[in-house]
Amino acid sequence: MPDPLTTPAAELPVRRLGPEDLDRCLALSEDRAWAREERKWLFLLENAEVYAIDAPSGELAGTVTLTRYGTAAAGIGMMLVATRYGGRGLGRRLMTHVLDAAGDATVFLWATEAGRPLYEKLGFETLGVTEARVGRLRAGDDPVLSRPADLGADLGADLDALLALDGEVFGADRAGLLARVFAFAEEVRVAEDETGLTGYAVSWRSMDTLFIGPVVAGDEAVARALVTDLARNADGLVRIEVERARPGLLDWLGDRGVSPAFSTSFMVHGGRPLPGDRTRMFAPLMIAMG
Ligand SMILES: CC(C)(COP(=O)(O)OP(=O)(O)OC[C@H]1O[C@@H](n2cnc3c(N)ncnc32)[C@H](O)[C@@H]1OP(=O)(O)O)[C@@H](O)C(=O)NCCC(=O)NCCS
């Protein structure tokens with residue numbers, strides 16, 4: 001196996017990983033002081049394309065994930081290069097690999113400050129900043145304004161309306177992925193008015209935290225209601241990713257005890273517009289996927 005310390009990065013083979021590589025992914029996360037998010041990594045290994053460069057030790061020298069949404073859009077995440085292999089072009093090699101694989105799709109990602117210079121060199125443009133918010137959300141005696149989704153596959157159930165709403169807002173095909181998300185989820189809730197479904201949101205667990213996302217809603221009041229209702233079952237910390245361009249929602253989260261943990265830059269390759277109607281997308285599923 002080529003040694004990344006002595007082989008030019010452009011010549012290093014890039015391998016597609018599978019669930020059997022879970023422990024290697026967790027070890028690489030730990031090397032960069034990222035949390036051991038076992039459940040999230042497994043979900044990515046099973047539902048996204050995870051690519052890596054191997055190290056001679058049997059460990060991974062670097063990883064990156066690509067989530068395709070049909071041919072229209074693709075999300076990149078989990079860009080990690082082990083500390084001892086940093087600064088040798090492995091990050092560039094992995095990014096170039098997934099950009100090639102993504103073809104004509106509009107490619108987006110959420111960048112840490114460590115990753116942003118590399119992505120800028122490769123043609124990504126920053127469109128905004130996203131805050132990861134973490135805390136125990138105080139629901140108090142708020143009324144319950146959403147209900148659990150009925151995700152039965154029979155025609156006419158919530159599933160059809162929910163997928164139609166998501167298709168309008170996300171603008172690229174993720175019906176297959178959402179089916180897997182619903183199976184992985186803690187709870188899926190919908191909000192509705194006399195016209196039908198006005199929003200939906202999902203909660204899922206990773207480590208001791210209840211993640212809330214995606215949150216799709218007709219307006220901010222609906223988004224708040226969905227978040228509040230999902231957080232009632234948190235039994236601990238909740239986490240949600242919200243753009244800085246939504247100060248109302250961020251202030252409300254702050255008032256409820258959900259504070260800034262870190263921020264990332266939302267970047268799109270070539271600065272291309274994203275499909276769909278993002279004004280109704282209040283939170284992504286996870287920043288590794290979109
Ligand atoms: C970000 C990271 C993946 C970069 O990997 P890497 O293998 O060290 O990057 P490369 O050696 O391929 O660098 C690629 C280019 O970006 C530049 N670059 C990389 N990091 C940089 C930084 N912090 N500041 C300025 N330039 C930087 C390099 O100079 C290089 O330029 P060149 O190709 O024109 O010579 C790695 O530092 C890492 O894993 N960091 C911790 C985890 C993280 O934050 N990941 C990003 C998640 S969005």
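Mentor: The expected span of a helix is 1.5 Å times one less than its number of residues. Keep that in mind as we look at this predicted model.

Trainee: What makes the length of H5 fit that expectation?

Mentor: Helix H5 covers residues 158–170, which is 13 residues, and reaches 18 Å from its first C-alpha to its last. The expected value is also 18 Å, so the span is close to expectation.

Trainee: Which residues of H5 are called buried?

Mentor: They are Asp 158, Leu 159, Leu 162, Leu 165, Asp 166, Val 169 and Phe 170. Each is called buried because its relative accessible area is under 20%.

Trainee: Why do we say that the buried residues line one face of H5?

Mentor: Look down the helix axis: the buried residues fall within an arc of 130°, so they line one face. Just after H5, Gly 171 takes a positive phi of about 80°.

Trainee: Let's turn to the ligand. Which residues come nearest to the ligand?

Mentor: Of the 21 residues around the ligand, the nearest are Met 79, Gly 87, Gly 89, Arg 92 and Thr 112.

Trainee: What makes the pairing with Arg 92 a polar contact?

Mentor: A ligand oxygen is 2.6 Å from an N or O atom in the Arg 92 side chain. The cut-off is 3.5 Å, so this pair counts. Polar backbone atoms also take part: one of Gly 87 is 2.7 Å from a ligand oxygen, and one of Gly 89 is 2.7 Å from a ligand oxygen.

Trainee: How much of the ligand does the protein bury?

Mentor: Taken alone the ligand exposes 930 Å², and the protein buries 70% of that.

Terms used. Residues numbered from 1 in each chain as written. Heavy atoms only, no water. Helix = DSSP H or I, 4+ residues; strand = E, 2+ residues; numbered from the N terminus. Buried < 20%, exposed > 50% of the residue type's maximum accessible area, 1.4 Å probe, protein only. Arc of directions from axis to C-beta. Near = heavy atom within 4 Å. Polar contact = N/O pair within 3.5 Å; in protein donor to acceptor, adjacent residues only side chain to side chain. Areas by Shrake-Rupley, 256 points an atom, 1.4 Å probe, with all protein chains shown as cover.
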